[in-house]
Amino acid sequence: MKTRRIAYEEILKIISLCEAVKTGGLSPFEVDVREKLKILRKYLPYWKTLDEIINDAEAFNELVTVIKLQGDSLKMQASMLYMDSELLAMKIKTLSRESLARSLLESWRPIVALDQLTIQRIQEAIDYWNTLPPLSERMKREETSLTPLKTLTLEDTYKLKVLTQAEIKERIEKLLKELKEKADGKGEVDYWSFITEETYEETIEKAYYVSFLISQGYVQLEYDPVEGRYTLKLEFEKSKGDSSIPILLSYDGWLKVRKHE
Amino acid sequence: MSSEEALIAQKIKRAARILLFQKHRRPGVRGYELKRILGKNYIKILDLLRRNLNDLGLDIKIVYDQPEEPQKPTEEQLEKAYYYVTTRQPPSPAEARLSGWRIDELAILSVALAYIVSKHGRANRKEIEEVLSEKFPQRIIKVTLDKLVWRGYLGEDDETLFIGWRSRAEVDLKELVKQILIRKIQ
């Protein structure tokens, strides 16, 4: 009985080992397929229940997959320049983003294809059009639902007694300290990674205080239109003119950022 | 022009339409579809079309079902393969930007593909994210990898990334690896 239990565990180990290979955690060559097949053969007479037989078949199937992956890997190595992944990771560290992008561009031949309308898409468009309310109705709804946007200044928060001057000063100082820590000598921090917090409310609050840091000249917000990146800079030259950069911080946008953080 | 030449010219035009007009979300046409429409000499028709396309800086790329390209493909392999029209030359950085690509996205795709190749065709997504985190913020990595999977440049299966159908059609992986290795350290 004890041997049977050990045998069962062995089979489960083989399955999980093969799973690790399939998910890319292990090289397929780290599995000694011959030895594992011997184990399967050795324990085959022990299996009595349907579950055990299914497990045995699954282990065998997983080993077949590993052999296939070994074959694919050999073919790939033979047809491409063989490169060690650690060597590559080291090389990547030494290259700039531009160099990496340029490497891809040199080896890239994009597909050329023309998008076209199909009968199905036209039908979908007709259905959409037929169910769309008239413009006059849509405008009416928007008029009643929209309220004009207002800006909440620091003075407004004092008047509304939301915060006292001391509280605001304390929060801004705390935020500046956090920003310096995150910049860690580099003098800049990615705007989105800095303001994103656990909840949407906290994120809004942080973005609000960051806007004071910017308007009071502690930090500068820079936008890179090429990469679409917003950066908070601690070291910068004061510009002559003022400019403003609107950033939309919607709940959906925040959810997306949080999901990926 | 003889009637046979006229027929061939007509078939070349038809082949161009089939290959260039995207019918589904994924571009490209299978060999057996081309054979059904153009006849059994479809490879010859495609060769003639290729010559015309070459003058425009375009080419026909054949992507086989198996990872390696057969030296002498069989009829069956040709029928199962996908056929795409691609550019002959790589795009310049300015052209890539004009078509909506950001430097970050190109660099992330470059690293992901090279890393997958170095891992023999499949790599754990977390490992790739770790390598990328040396250069990019987490938020950008996750969003871009998802985008690349959606566009077919990478394939994803249980937290494992592999080379997507689009990269197989568009990227010369051997050249990519070479380019990364020969780049001077910065």
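Q: Hi! Does B:Asp158 count as buried or exposed here?
A: With 10 C-beta neighbours inside 10 Å, B:Asp158 counts as exposed. The cut-offs run like this: a residue is exposed if 12 or fewer other C-beta atoms lie within 10 Å of its own, buried if there are 20 or more, and partly exposed in between, with C-beta atoms placed from the backbone.

Q: Before we go on, what kind of model is this?
A: It is a predicted model: local features need pLDDT of at least 70, side-chain atom pairs count only at pLDDT 80 or more, and totals for chains, interfaces and linings use all residues. Residues are numbered from 1 along each chain as its sequence is written, while chains are lettered from A and ligands numbered from 1 in the order in which they are written.

Q: Thanks. Where is B:Asp158 found?
A: B:Asp158 is in the loop between strand 5 (154–157) and strand 6 of chain B. Strands (E, at least two residues) and helices (H or I, at least four) are DSSP runs, numbered from the N terminus.

Q: What is the phi of B:Asp158?
A: It is near 50 degrees, a positive value in a residue other than glycine. B:Glu159 also sits in that loop, and its phi is near 65 degrees, again positive in a non-glycine residue. B:Glu159 is exposed too, with 11 other C-beta atoms within 10 Å.

Q: Switching to the sheet in chain B: in what order do the strands come?
A: Three strands form an open sheet in the order 1-3-2, with antiparallel pairing. For pairing, DSSP has to find at least two bridges between two strands. Strand 1 (29–30) and strand 2 (58–63) stand at the edges, each with a single partner strand, so one side of each is left without a neighbour in the sheet.

Q: How many bridges join strand 1 of chain B to strand 3?
A: Two bridges join them. In one pairing, B:Arg30 has B:Tyr82 of strand 3 as its bridge partner.

Q: And B:Val85, buried or exposed?
A: B:Val85 lies in strand 3 of chain B and is buried, with 23 other C-beta atoms within 10 Å.

Q: Which residues does B:Val85 touch?
A: Leaving out residues up to four places away in sequence, B:Val85 touches A:Ile111, A:Val112, B:Leu19, B:Leu20, B:Leu53, B:Leu58 and B:Ile60. Touching, or being in contact, means that the C-beta atoms of two residues, placed from the backbone, lie within 7 Å.

Q: So how many residues take part in the contact of chain A with chain B?
A: 50 residues of chain A are in contact with 64 residues of chain B. Helix 5 of chain A gives the largest share of the chain A side, nine residues. By class, that side has 21 nonpolar, 16 polar and 13 charged residues. Here Ala, Val, Leu, Ile, Met, Phe, Trp, Tyr, Cys and Pro count as nonpolar, Asp, Glu, Lys and Arg as charged, and the others, Gly among them, as polar.

Q: How do helix 5 of chain A and helix 10 of chain B cross?
A: Their axes come within 8 Å and cross at roughly 145 degrees. Axes are lines fitted to C-alpha atoms, for helices over the stretch in contact, and angles run from 0 to 180 degrees between N-to-C directions. The contact is made by A:Ser103, A:Leu104 and A:Glu106 of helix 5 and B:Glu175, B:Leu176, B:Gln179 and B:Ile180 of helix 10.

Q: Last topic, the largest nonpolar core: which residues touch the most other members?
A: Of its 37 residues, B:Val111, B:Ala112, B:Leu113, B:Ala114 and B:Tyr115 do. Such a core is a set of buried Ala, Val, Leu, Ile, Met, Phe, Trp, Tyr and Cys residues joined through C-beta atoms within 7 Å. Helix 6 of chain B supplies the largest share of this core, 12 residues.

Q: What does B:Ala112 touch?
A: Not counting residues up to four places away in sequence, B:Ala112 touches B:Ile128, B:Leu145, B:Leu148, B:Leu154 and B:Leu161. There is also a second, separate core of 14 residues, including B:Leu19 and B:Leu53, two residues that B:Val85 touches.
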